[in-house]
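Trainee: I should like to understand how the descriptive terms for this model are justified. May I ask about them one by one?

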Amino acid sequence: MDGDLPAAGGCHGGRETLLAAAEAAGKSETMARLLADYPRGPHDQPQSMCPAFGSLRVGLRMRRVATILSGSACCVYGLTFTSHFYGARRSVGYVPFNSESLVRGQLYEDIRNAVIETAKPELYDAVVVINLCVPTASGVPLDLLPKQIDGVRVIGIDVPGFGVPTHAEAKDVLAGAMLRCARGEAEQGPVQRPRQAIDERPRVTLVGELFPADPVGVGALLAPMGLSVAPQLPAREWRDLYAALDCAVVAAVHPFYVASLREFAAAGRPVVGSGPVGVEGTALWLEAIGAAAGVSPGAIAAAKAQALPAIRAALDAYPIDARVTVSGYEGSELLVARLLIEAGAEVPYVGTALPRTTWSEPDREWLVAHGAHVQYRASLEDDMAAMRAVRPDLALGTTPLVQQAKELGIPAIYFTNMVSARPLFGAAGAAALAGIVAAQTRGRHRFAEMVDFFETVGTGDAAGSGWSGVPADRSAARERYRRSRAARPDSDKPVGV
Ligand code: SF4
């Protein structure tokens with residue numbers, strides 16, 4: 001381990017310093033893998049929550065899995081706060097450290113002891129240990145942990161903010177590591193079946209965190225082809241991983257699970273991108289899934305005949321006559337934009353914080369052919385600039401984008417809370433999304449009234465109500481400080497190093 005560690009800066013500074021420290025501390029291979037799987041782009045630093053939240057969430061949502069964090073206390077505080085905000089309802093393990101225990105290698109011993117203490121087979125199938133930024137940069141070697149203790153698997157992963165750009169991709173880091181382990185076990189001999197009865201028809205594994213009704217709806221779409229839905233990935237229990245692997249086709253409906261899809265490919269499973277959204281999207285997806293599963297053309301036609309009229313009827317019931325911009329970090333942005341366009345919307349801009357992959361290519365091509373600009377690795381600044389340029393009737397986006405939209409009097413809804421919290425696929429998805437967008441755009445005059453109402457309270461440094469006079473403008477001092485920092489020769493270094 002490297003004692004010359006940058007102790008501050010973290011997600012908002014010093015990425016190159018931390019990366020160099022991690023490589024010097026023996027993590028070159030890990031960092032090269034992360035950079036290959038999750039390539040950088042215009043957006044290459046976290047602009048939302050800590051990326052490790054994705055891995056933490058995947059672990060916390062699984063039965064009989066314990067999750068332990070190794071990182072700075074401030075990072076762990078934020079991560080546990082967020083996980084409980086999202087209803088984790090279980091403890092998050094934490095191995096604290098200080099400069100001495102980090103530099104002398106004691107942290108690794110402390111993690112090892114914590115894992116041994118936690119790995120009780122009567123309680124857990126697996127213990128997950130997540131290295132955050134500082135332990136990764138220090139080279140804390142989780143790969144030296146025992147692979148299993150009394151039958152409890154030990155999964156150690158590095159999820160640094162300077163190597164994994166978004167929390168969505170961090171879900172894949174853990175899901176992929178678990179799938180690799182489960183695949184190795186399945187190759188050795190018989191494994192457990194899922195707790196629930198499993199459909200014996202050929203199965204399709206859906207990859208991505210989906211609204212709970214969506215897998216059920218997709219099952220109905222697949223039934224005329226003699227196919228069923230397998231337990232999805234990320235899994236809810238270790239034994240479900242085997243059933244997810246034991247499928248006829250993998251549907252990469254969230255197209256950024258690169259490490260997980262690599263495991264499916266190694267298991268010989270064909271992978272199909274895009275998803276069943278709208279009439280055209282569903283027709284093409286059913287054809288692709290049917291072809292990959294070796295289904296007859298007649299059965300594919302029967303599946304389309306069953307699904308498409310209901311989706312058409314749902315879209316016709318909620319026609320959208322509006323210009324909409326779409327931006328988010330969930331990975332389903334392109335699918336949402338497709339559905340909006342099929343419902344009648346004009347969508348000139350789609351920004352996603354995720355990178356371009358093979359599995360979203362059908363959606364990208366379709367969107368470009370329908371007049372949309374698709375921005376992968378979109379930054380908040382990209383999304384804001386697009387919204388200001390386009391002046392949409394409705395903006396779907398992240399919290400800061402929605403705040404900015406409201407200031408401009410543009411109706412806006414949160415992607416994560418409003419769009420991702422509804423079905424997306426089949427007729428149910430068409431009705432839900434088109435319904436909410438139609439309702440929001442109908443009320444657009446209210447936003448103009450809101451801007452009028454707040455016009456006198458000022459903005460930025462001069463914002464406020466009830467003061468005597470306008471607050472002094474201090475922006476010149478901020479700008480002077482920014483310039484002096486930018487002029488420092490070591491300005492890439494984290495503050496305090
Ligand atoms: S682990 Fe890294 S990215 Fe996450 S909050 Fe801490 S410093 Fe930021």
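Mentor: Let us begin with strand 8 (residues 249–251) and strand 9, which pair in the parallel sense in this predicted model.

Trainee: What makes strand 8 and strand 9 a pair?

Mentor: Two strands pair if at least two bridges are found between them. Strand 8 and strand 9 share two bridges, so the condition is met. Within this pairing, V250 stands opposite V271 in strand 9.

Trainee: To which sheet do these strands belong, and in what order do its strands run?

Mentor: The sheet is open and has four strands in the order 7-6-8-9, with parallel pairing.

Trainee: Why are strand 7 (228–229) and strand 9 (271–272) called edge strands?

Mentor: Each of the two pairs on one side only.

Trainee: What is notable about the peptide bond that joins L233 and P234?

Mentor: The bond is cis, with omega at about -5°. P234 lies in the loop that runs between strand 7 and helix 9 (238–245).

Trainee: Beyond strand 9, what is unusual about S274?

Mentor: S274 is not a glycine, yet its phi is positive, at about 65°. This residue S274 sits in the loop between strand 9 and helix 11 (278–292).

Trainee: How do you know whether S274 is buried or exposed?

Mentor: The cut-off for a buried residue is 20 or more other C-beta atoms within 10 Å. S274 has 26, and therefore counts as buried.

Trainee: Is D150 buried or exposed, and why?

Mentor: A residue is exposed if 12 or fewer other C-beta atoms lie within 10 Å. D150 has 10, so D150 is exposed. Phi of D150 is near 50°, a positive value in a residue other than glycine. D150 is located in the loop between strand 4 (148–149) and strand 5 (152–158).

Trainee: Turning to the helices, why is helix 12 (residues 297–317) described as roughly parallel to helix 18?

Mentor: Angles under 35 degrees count as roughly parallel. Helix 12 and helix 18 pack at about 10°, with their axes 8 Å apart, and are therefore roughly parallel to each other.

Trainee: Which residues make that contact, and of what class are they?

Mentor: Helix 12 contributes A307, A310, I311, A314, L315 and A317, while helix 18 contributes G426, A427, A430, A431 and A434. By class, this contact of helix 12 with helix 18 has ten nonpolar, one polar and no charged residues.

Trainee: What is the relation of helix 13 (residues 333–342) to helix 18 (residues 426–442), and why is it so named?

Mentor: Their axes come within 10 Å and cross at roughly 75°. Since 65 to 115 degrees counts as roughly perpendicular, helix 13 is roughly perpendicular to helix 18. The contact is made by V336, L339 and L340 of helix 13 together with G429, A430, L433 and V437 of helix 18. Six nonpolar, one polar and no charged residues make up the contact of helix 13 with helix 18.

Trainee: How do you know that the radius of gyration of the chain agrees with that of a compact globule?

Mentor: For 497 residues, a compact globule would have a radius of gyration near 23 Å; the chain has 24 Å, which agrees. Along its principal axes, the C-alpha trace spans about 75 × 65 × 35 Å. The chain has 20 helices and 14 strands, and 49% of its 497 residues count as buried.

Conventions
Residues are numbered from 1 along each chain as its sequence is written. This is a predicted model: local features need pLDDT of at least 70, side-chain atom pairs count only at pLDDT 80 or more; totals for chains, interfaces and linings use all residues. Axes are lines fitted to C-alpha atoms, for helices over the stretch in contact, and angles run from 0 to 180 degrees between N-to-C directions. Angles under 35 degrees count as roughly parallel, over 145 as roughly antiparallel, 65 to 115 as roughly perpendicular and the rest as oblique. Two residues are in contact if their C-beta atoms, placed from the backbone, lie within 7 Å. Ala, Val, Leu, Ile, Met, Phe, Trp, Tyr, Cys and Pro count as nonpolar, Asp, Glu, Lys and Arg as charged, and the others, Gly among them, as polar. The radius of gyration is taken over C-alpha atoms; the globule rule is 2.2 Å times the number of residues to the power 0.38.
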